[in-house]
Amino acid sequence: MKGRLTPPLVLELDVTEGLVEAPPHDPITAALSQRKPRMRDVLRGLQRAASDRRVHALVVKVGGTKISLAQAQELSIAIKKIRAAGKHTVAWAETFGEFGAGNVPYLLAVACEQIYLQPSGDVGLTGIGIEEPFIHDALDKAGVTPEIGQRHEYKTAANTYLQRGYTDAHKEMSERIVTSLSDQIVPVVAAARGLSQTHVRELVDRAPLLATEALDAGLVDGLAYRDEVYGGLRRRVGPEARLQYVSRYHRAATQAMTRQLSAPRHKDAVALIHATGPIQLGRSSRTPFGSGTGSDTVSSAFRAAIKDQRVKAIVLRVDSPGGSYVASDAIWRHVDLARRRGKPVVVSMGRLAASGGYFISMNADAIVALPSTLTGSIGVLGGKVVTSELMSKIGFTHDSAAVGRHALMFSSTRSYSDTEWERLNLSLDRIYADFTTKVAAGRGLELDMVEALARGRVWTGADAHERGLVDELGGLERAVELAKHRAGLPADAEVELRELPRSTPLERLRPPKSSEDTGGAEAAMPSLDSLRLSAWGRFAPIAAALGLPAAGPLMLPGAWQIR
């Protein structure tokens, strides 16, 4: 009756400004992300809309470079479900790349029934490419000598400083990544637009395409401005149709359900814990790189989930390039503790879950990744740069006094001695052995098999799935389904998806009572130096001098952008 009495809804989804993965940790993050929809709200809203009679259509505004390929794939899954439920779906863009690539927004657009492009726009379906810098010669000219150890040949972050170009292993890995990602885009576009894969590859080689060329090629259904697209929707759905953003629709529906259901009737829950950004010791934070994953915050969330009798399973959402080995190991331990206490843990990988991001994932009951997720990178690096020649060139000199054979081991004014190299290599070997041994145990693989997949190599989610590093390809909603299944809950059971840790504004302000107090694990706002110190420990000064990522030795190599 309610569906018949209310006006029909046309849901809107605007992804041009990006999506927020995790809830904001602090007021600044909240302010910066205020106008961006949250991935979780969008996914849950689209899931709800598929069975809502009031919802007649979905219009998706795409374009820009603010969403990742993995996010586009995850949204595509949800859009295809609402489309299969009989809702009309339309994508429109002012342009798919203006003097730039538009692969990602176009891949999201093809999930819709129709695609419209502004007449002045382009289709930048230009293919996938990786370009990486090498500064060995610049450092050499400046009188800077990098001394870095890596485990092993695919842990290529150090190559930026040690090499002049690709090594054989580095080139092999990069070429495989772009091939895998291309193989995920071309077949999807071909199937969605009714074209052969050969023809799509020819169009990729011609791109960027003008709007008229894209229309003639069958990549878009029409050239239209926003008023024309929305006017067509109103004629189809009815002049009384009401527009509403998907995230607002979800929040309104959730509030209505909360009013209808009392707490005692809503018993079971699945905890959702986010690990977003570089992994560091201490609390989660907003860093110069974006959000940071603090081992204290994530561990506190796991402890809360373990204690909460309503929580039947845990979903760990990982979107992290890695970072501190020690912090990653602390989170790994809490995943293990949750499983021992009978709380199944399912990992949902986003854009990145590599190095330390894979470390915290590998012990889960199941791992779900998107095909384009960058994961693996099972390896480690560490070292320093020697700047004595540079200092001499500009007139700086040093003298020193020390007690202890290795007291100045981490100084950038002198090279490692033989025994110091031994200590560094011993540390790298220990971390690598611990990493690979835990992968073997967590994934149920022989150590020899893990060694073949490790050595610092980065895999796409699709390739990782084929090799047993992840269990399934899918998004957050699939991870929730698996968590319910692992917990023995019916597939159609209504459960609350509880984000942890949870605390009130007052709890965030007052001093924590103990380490068990969730308020004590709330996000902090560290300086760049404190982040580097918590991630690299005694290597922090060297990491700063070298310009290495502040997040630590278990860090994804490279700074790849897939657009």
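This briefing covers unusual backbone angles in the structure above. The model is predicted: local features need pLDDT of at least 70, side-chain atom pairs count only at pLDDT 80 or more, and totals for chains, interfaces and linings use all residues. Residues are numbered from 1 along each chain as its sequence is written, and side-chain values use heavy atoms, with hydrogens and water left out. Most residues other than glycine have a negative phi, and most peptide bonds are trans.

The loops below are placed by their flanking helices (H or I, at least four residues) and strands (E, at least two), which are DSSP runs numbered from the N terminus.

**Cis peptide bonds**

- Arg151 and His152 are joined by a cis peptide bond, with omega near 0°.
- His152 sits in the loop between β6 (145–151) and α7 (159–162).
- The bond between Leu500 and Pro501 is also cis. Its omega is about 0°.
- Pro501 lies in the loop between β22 (496–500) and α21 (505–509).

**Positive phi outside glycine**

- Ser355 is not a glycine, yet its phi is positive, near 55°.
- Ser355 is placed in the loop between β16 (345–354) and α15 (356–359).
- Ser355 is buried (under 20% relative accessible area, 1.4 Å probe, protein chains only), with a value of 0%.
- Arg455 is not a glycine either, and its phi is positive at about 60°.
- Arg455 belongs to the loop between α18 (447–453) and β20 (458–460).
- Arg455 is partly exposed (between the buried limit of 20% and the exposed limit of over 50%), with a relative accessible area of 25%.
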